[in-house]
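Colleague: I'm new to this one, and I'd like a close look at a single part of it. Could you pick out one loop residue, walk me through its surroundings, and then place it in the wider fold?

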Amino acid sequence: MARTPLIAGNWKMNLNHLEAIALVQKVAFALPEKYLEKVEVAFIPPYTDIRGVQIVIEGDKLGFAYGAQDVSVHESGAYTGEISAGMLAKLGCTYVVVGHSERREYHSETDELVAAKAAACHKHGLSPIVCVGEKLETREAGDHVGFVVEQLKGSLAGLDKGQLASTVIAYEPVWAIGTGKTASAADAQEVCAAIRAALTELAGPEIADQMRVLYGGSVNSSTVGELLEQPDVDGGLVGGSSLKPDEFAQLSAIAA
Ligand code: PEP
């Protein structure tokens, strides 16, 4: 099945709301609209930027999607500092990144919590981008495939087939995030193929075949082409390069 590639730019904790609007406009200027028929491009800004990103995308009728970097498992109430899936849905978000390795590392997020966040997204019609990936020592020990498959199953626990169908997976080896080290295309394919096999077990071949599996880890315009040639790599979760409008536009055009 032909899957539309997805390029999602994770800005992390960068750009204020004014800089956010400028970046979206610059990407729109640098990326001719015709490419958006072949690749889906999404911005994943900090919470404080989402409203501005929404206004510029809707106001200028830009064909981009957008979303958030995290979400609460709670619906509403006394959870100071939290943002609910309902709030993000009301802002027109399509995607929510859950289980990014930086949240797993700095906020001790477990697979169980990640699965609860993914379920909270689905309750409000949002597509979670569920991140998985091994640390360097796991890869060096040769245990990366087994580790990622187990992490994936734990992070999707409890989702039904319909929810899985609108879930995106991002394979992000921790050693490649923000380090300038990209996994080779063959390395990315090895793990993304194992992810698709696990999705087939969980959801059946038809749904697994339509789900998008992204690669993330220092993706740029020089590496994206070969990565996306791999049969089980359906796009990229892009950090550093998503903050450079010309580079992000270029890599999105290559992915198209
Ligand atoms: C990320 O934040 O998900 C990421 C992959 O970052 P970078 O592209 O900078 O490695």
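Modeller: Let's start with a yardstick: a residue is called buried if 20 or more other C-beta atoms lie within 10 Å of its own, exposed if 12 or fewer, and partly exposed in between. Keep in mind that this is a predicted model. Now take Lys135: it has 14 C-beta neighbours inside 10 Å, so it counts as partly exposed.

Where does Lys135 sit? You'll find Lys135 in the loop that runs from strand E5 (127-132) to helix H6 (136-140). If you skip the neighbours within four places in sequence, Lys135 is in contact with Val174 and Trp175. Look back along the chain as well: His122 is 13 residues away from Lys135, and their C-alpha atoms are separated by 28 Å.

Two other loop residues make handy comparisons. Lys12 belongs to the loop between strand E1 (6-10) and H1. Lys12 has 18 C-beta neighbours inside 10 Å, so it goes down as partly exposed. Its backbone has a quirk, too: phi of Lys12 is near 55 degrees, a positive value in a residue other than glycine. Ser218 has a phi near 55 degrees, again positive in a residue other than glycine. Ser218 lies in the loop between strand E7 (213-216) and helix H11 (224-229), and with 20 C-beta neighbours inside 10 Å it counts as buried.

Ser218 also leads us to the ligand. The ligand is surrounded by 14 residues, and Ser218 is listed among the closest, along with Ile177, Gly216, Gly239 and Gly240. By class, that shell has four nonpolar, eight polar and two charged residues.

The loop of Lys12 leads into H1, so to speak, and H1 has a partner. The axes of helix H1 (residues 17-30) and helix H2 (residues 47-59) come within 8 Å and cross at roughly 35 degrees, and the crossing is right-handed. On the H1 side, His17, Ala20, Ile21, Val24 and Gln25 take part; among the H2 residues they meet are Thr48, Gly52 and Val56. Sorted by class, this contact has six nonpolar, four polar and one charged residues.

Finally, step back to the protein chain, which has twelve helices and eight strands. Of its 256 residues, 48% are buried. A compact globule with 256 residues would have a radius of gyration near 18 Å, and the chain's 17 Å agrees with that. Along its principal axes, the C-alpha trace spans about 45 × 45 × 35 Å.

How values were computed
Residues numbered from 1 in each chain as written. Predicted model: local features only at pLDDT ≥ 70, side-chain atom pairs only at ≥ 80, totals over all residues. Near = placed C-beta within 6 Å. Nonpolar A, V, L, I, M, F, W, Y, C, P; charged D, E, K, R; others polar. Helix = DSSP H or I, 4+ residues; strand = E, 2+ residues; numbered from the N terminus. Rg over C-alpha atoms; globule rule 2.2 N^0.38 Å. Axes fitted to C-alpha atoms, helices over the stretch in contact; angles between N-to-C directions. Left-handed = near helix turned anticlockwise from the far one by under 90°. Contact = placed C-beta atoms within 7 Å.
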